[in-house]
Amino acid sequence: MKISINRLKDYIPFDQSPEEIADLLTASGLEVEGIASYESVKGSLKGIVVGEVISCEPHPNADKLSLTLVDVGDRMLPIVCGAPNVAKGQKVPVATVGTTLYPKEGGSFEIKKAKIRGEVSEGMICAEDELGLGASHEGILVLDTDLPNGSPVAPLFEISESKVLEIGLTPNRADAASHLGVARDLKALLRKELHMPDLSGFSVAREDRTFKVTVEDQKDCPRYAGLTISGVKATPSPKWLQDYLKALDLEPINVIVDITNFILHDLGQPLHGFDADKINGSEIQVRKLPKGTTFTTLDGKERMLTGEELMICDSEGGLCMAGILGGQHSGVSDSTTTLFLESACFGADVIRKGAQHHGIKTDASFRFERGTDPNMPVFALQRAAMLICELTGGEVSSGIVDYYPEPVADVRIPVKYRHVDRLIGAVIDRSEIKTILESLDIRVEQETAEGFQALVPPYRVDVTREADVIEEILRIYGFDSIPLEENYQSEYLAEHQEKDRNKLQYRVSEALAGMGYNEIITNSLTSAAYSMASGFLNAEEDVVILNKLSEDLDVLRQTLLYTGLEVLVHNINRRQKDLKLFEFGTVYFKKANGYREGKRLSLFLTGNSNKENWIHPVNEVGFPELYAVVEALLTKLNISLPDVEMVEEEPYTYGLVLRNKQQEIGKIGLLSPAAARQASVKQAVFYAELDWDSLVRMAKAQEKFKEISRYPEVRRDLSLVIDQQVSFEELRQIANKVGGKLLKRINVFDVYKGDKVESNQKAYALSFYLQDDQQTLTDKMIDKTMNKLMAAFEKNAGALIRK
């Protein structure tokens with residue numbers, strides 16, 4: 001579903017960028033899958049200015065060319081022109097150097113300074129087709145304007161530009177299948193007033209073409225409204241209406257059909273127009289025709305009816321398959337002068353069955369199948385009638401016929417505050433809950449300390465239960481606004497295969513053993529002296545043993561660090577200094593609301609990475625070596641690589657905090673000398689402690705092996721000068737966000753700090769590896785990706801790209 005930002009602003013004035021609006025809508029449940037740009041004229045005539053021809057002389061070296069001097073406001077441009085109608089004193093559209101033109105026949109080209117037959121030309125005087133405004137190439141376009149020289153020409157041609165949101169609408173959100181529906185959500189999200197179209201100009205001129213309406217089954221058609229407009233003419237639509245439809249990828253047809261399409265996408269109410277002179281009798285019948293009846297639809301196909309389709313009929317037979325597709329013989333044509341306009345609410349079941357049986361999918365059936373607002377038909381009818389009268393010169397020639405015997409009431413749903421708190425997982429201020437619901441047109445009545453009655457309007461067909469009302473509160477309040485605890489548990493009605501923690505632990509243990517690590521198992525009892533002297537543990541959270549075995553084993557451990565360091569010192573004292581160790585162990589905490597425990601995975605790395613030999617020199621272990629192991633473990637568990645943040649606090653000299661979707665899953669870094677000395681370790685130790693409980697929850701099934709791409713990988717390098725505070729992790733996140741599926745990995749192969757850059761800056765040399773699994777990359781595809789990356793680095797990281 002496409003939604004125009006320009007039209008949204010008519011309903012809800014806002015200053016946010018399209019990207020910010022997209023993020024807001026996505027977070028609230030209307031997922032924006034992309035943002036496109038619409039231009040009524042490609043390029044929007046950017047770089048095209050008003051020029052005045054000051055002089056025009058024949059070209060000395062070409063019979064059909066002229067040498068002109070053109071005033072473009074701030075300078076005079078010599079331009080060689082081949083148009084036969086160019087003359088002194090004309091106001092003309094001028095494409096300056098650097099402007100890109102998009103001719104009507106397709107393609108594009110950039111205006112460059114050139115020599116034409118020995119004479120300098122610094123621009124181009126344009127014809128209509130060269131600007132993309134029409135097909136004429138008989139000569140240059142001569143402007144009739146008083147605009148100063150150098151002014152942009154775009155305002156002269158009413159160029160329309162808009163950003164268009166592509167929303168992946170879920171089946172339950174039929175209410176959001178229009179600009180008004182999306183604006184209602186924005187009203188709640190931005191806490192702004194909604195501006196509905198003004199209907200004060202609607203009036204009935206006369207009542208001499210009234211049709212009676214009869215409905216066979218109220219369940220199939222709860223409401224049917226219509227009116228007649230005389231004196232219409234099916235001319236082409238005005239430019240603003242054509243631009244609106246084209247932005248939504250709809251093809252304009254004529255002003256009457258275009259207005260019905262406009263109302264459908266604007267208000268979410270399908271309309272249908274009949275040529276009133278082709279309706280036999282003076283009665284519209286909403287009923288079913290006998291099984292076996294043939295009916296020719298608007299697409300020219302003759303269809304055999306099942307007897308279950310809802311039809312719009314006159315006294316002699318069918319005119320339209322209600323809510324699905326019009327009939328071939330009763331629709332609006334160029335000869336239509338009197339229009340009967342229908343606006344109805346049909347039952348979702350009957351429309352769905354008819355559309356599926358005949359294999360017809362239209363914008364109208366899409367909405368009726370999911371449920372439309374029974375209170376919208378008359379409003380939409382009046383809005384459409386006003387536009388048709390305004391744009392065709394017609395006048396309303398009947399009163400509004402409105403069959404609505406039993407108005408649909410608001411749905412009354414009792415809501416308990418304790419259920420709101422339980423399902424959301426947090427206590428939201430009661431006044432905030434009321435504000436959110438009322439901003440969504442859900443009235444709150446009979447409020448007490450325990451709960452309230454929610455009155456839900458009929459257009460919200462998806463809100464029928466207490467849980468639905470709570471979901472509405474949460475999606476507007478914001479999922480990200482709910483604080484996450486370390487451990488959450490969920491309940492499901494459906495059965496899910498449970499993860500085998502032992503198998504996952506064995507898989508990781510096997511991987512670590514393969515990388516040269518040895519498993520250790522240490523005592524859960526430890527000394528309270530560690531937490532008191534640590535600088536990062538809270539001694540008040542120690543679980544104290546009442547009947548302790550000794551003063552050195554008087555509490556349960558809060559971390560695997562110190563018991564692991566004791567193993568390190570035991571081995572180092574026995575001349576085993578090159579150690580790779582890991583442990584799965586439980587940690588314990590005393591909290592205000594009781595005792596807690598959790599499973600952790602610790603990794604220790606110290607000494608040299610290889611044994612001394614005559615070929616390779618001895619290398620000390622380093623931080624990258626341990627981080628690579630952590631990345632390998634996450635990959636083994638099929639967990640996406642984490643976000644990282646630098647940390648310089650105990651027990652680390654330096655290190656990283658690892659997060660997955662804002663949840664901390666561990667820390668990794670070089671232990672501070674003070675932390676190591678607590679256990680009498682005197683050599684450098686790299687240490688990681690990961691939250692094993694969180695990793696188990698995040699772990700996914702192992703991916704199946706897939707064929708290695710047969711298409712080659714391409715490497716491209718970039719040199720960036722950035723601020724000292726910008727980390728590689730930030731650059732990696734930017735690259736992954738904009739690089740798309742082609743970017744496979746990114747690497748730093750050089751870092752420079754010195755006199756060739758500012759003291760507060762550094763230079764990164766990055767390599768990017770691009771590959772497509774379906775085809776060989778072309779230079780154009782590679783350049784497009786790299787240009788996006790460079791633009792993102794400049795915008796989001798303030799990078800200076802060395803080219």
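1. A quick definition before anything else: two residues are in contact when they have heavy atoms within 4.5 Å of each other. With that in hand, take the contacts in the protein chain with a separation of 6 or more: 70% of them link residues 24 or more positions apart. Bear in mind throughout that this is a predicted model.

2. On overall shape, the radius of gyration of the protein chain is 36 Å, whereas a compact globule of 803 residues would come in near 28 Å. The C-alpha trace spans about 105 × 85 × 50 Å along its principal axes. In secondary structure, I'd note 19 helices and 41 strands in the protein chain. As for burial, 50% of the 803 residues are buried.

3. Now the interior. The largest nonpolar core holds 79 residues, and the members that touch the most others are Leu8, Leu25, Leu165, Leu186, Ile263 and Ile424. Helix H8 (residues 377-392) supplies the largest share of this core, with nine residues. For background, nonpolar side chains in soluble globular proteins tend to be buried together.

4. Leu165 deserves a click in the viewer. Setting aside neighbours within four places in sequence, its contacts include Met1, Ile3, Ile5 and Leu8, and also Pro18, Ile21, Ala22 and Leu25. Lys2, Val32, Gly34 and Ile35 are on that contact list too.

5. What about empty space inside? A probe the size of a water molecule, rolled over the atoms, shows where such space is left. Here the count is three cavities of 30 Å³ or more. The largest cavity has a volume of about 160 Å³, and the second largest has about 60 Å³.

6. Which residues lie nearest the centre of the largest cavity? They are Ala174, Asp175, Leu267, Gly268 and Asp373, out of 16 lining residues. By class, that lining is made of six nonpolar, six polar and four charged residues. Helix H3 (residues 179-190) contributes the most to it, with three residues.

7. The second largest cavity is lined by residues including Thr526, Ser527, Tyr530, Ser531, Leu537 and Asp542, together with a later run from Val555 through Leu556, Arg557, Gln558 and Thr559, plus Tyr562. Helix H13 (528-534) and strand S31 (555-556) are the elements giving two or more residues to this lining. Its class make-up is five nonpolar, five polar and two charged residues.

8. Back to helix H3, which also holds Ala188. Is Ala188 buried or exposed? Buried, because its relative accessibility is 1%, and the cut-off for buried is under 20%. Beyond the neighbours within four places in sequence, Ala188 is in contact with Ser439, Leu440 and Ile476. If you want a distance to check, Ala188 and Met646 are 458 residues apart in sequence and 37 Å apart in space, C-alpha to C-alpha.

9. Ala679 is another alanine to look at, this one in the loop between helix H16 (673-677) and strand S37 (685-691). Ala679 has 6% relative accessibility, so it counts as buried. Not counting residues up to four places away in sequence, Ala679 touches Tyr530, Leu565, Glu566 and Val569. Tyr530 also turned up in the lining of the second largest cavity. For a longer ruler across the model, try Ala679 to Val86: they are 593 residues apart in sequence and 91 Å apart in space, C-alpha to C-alpha.

Notes. Residues numbered from 1 in each chain as written. Predicted model: local features only at pLDDT ≥ 70, side-chain atom pairs only at ≥ 80, totals over all residues. Heavy atoms only, no water. Core = buried A, V, L, I, M, F, W, Y, C linked by side-chain atoms within 4.5 Å. Buried < 20%, exposed > 50% of the residue type's maximum accessible area, 1.4 Å probe, protein only. Helix = DSSP H or I, 4+ residues; strand = E, 2+ residues; numbered from the N terminus. 1 Å grid on protein atoms, 1.4 Å probe; cavity = no way out; pocket = protein on both sides within 12 Å on 5 of 7 lines; lining within 4 Å. Points joined across faces, edges and corners; volume = space filled by probe spheres on them. Nonpolar A, V, L, I, M, F, W, Y, C, P; charged D, E, K, R; others polar. Rg over C-alpha atoms; globule rule 2.2 N^0.38 Å.
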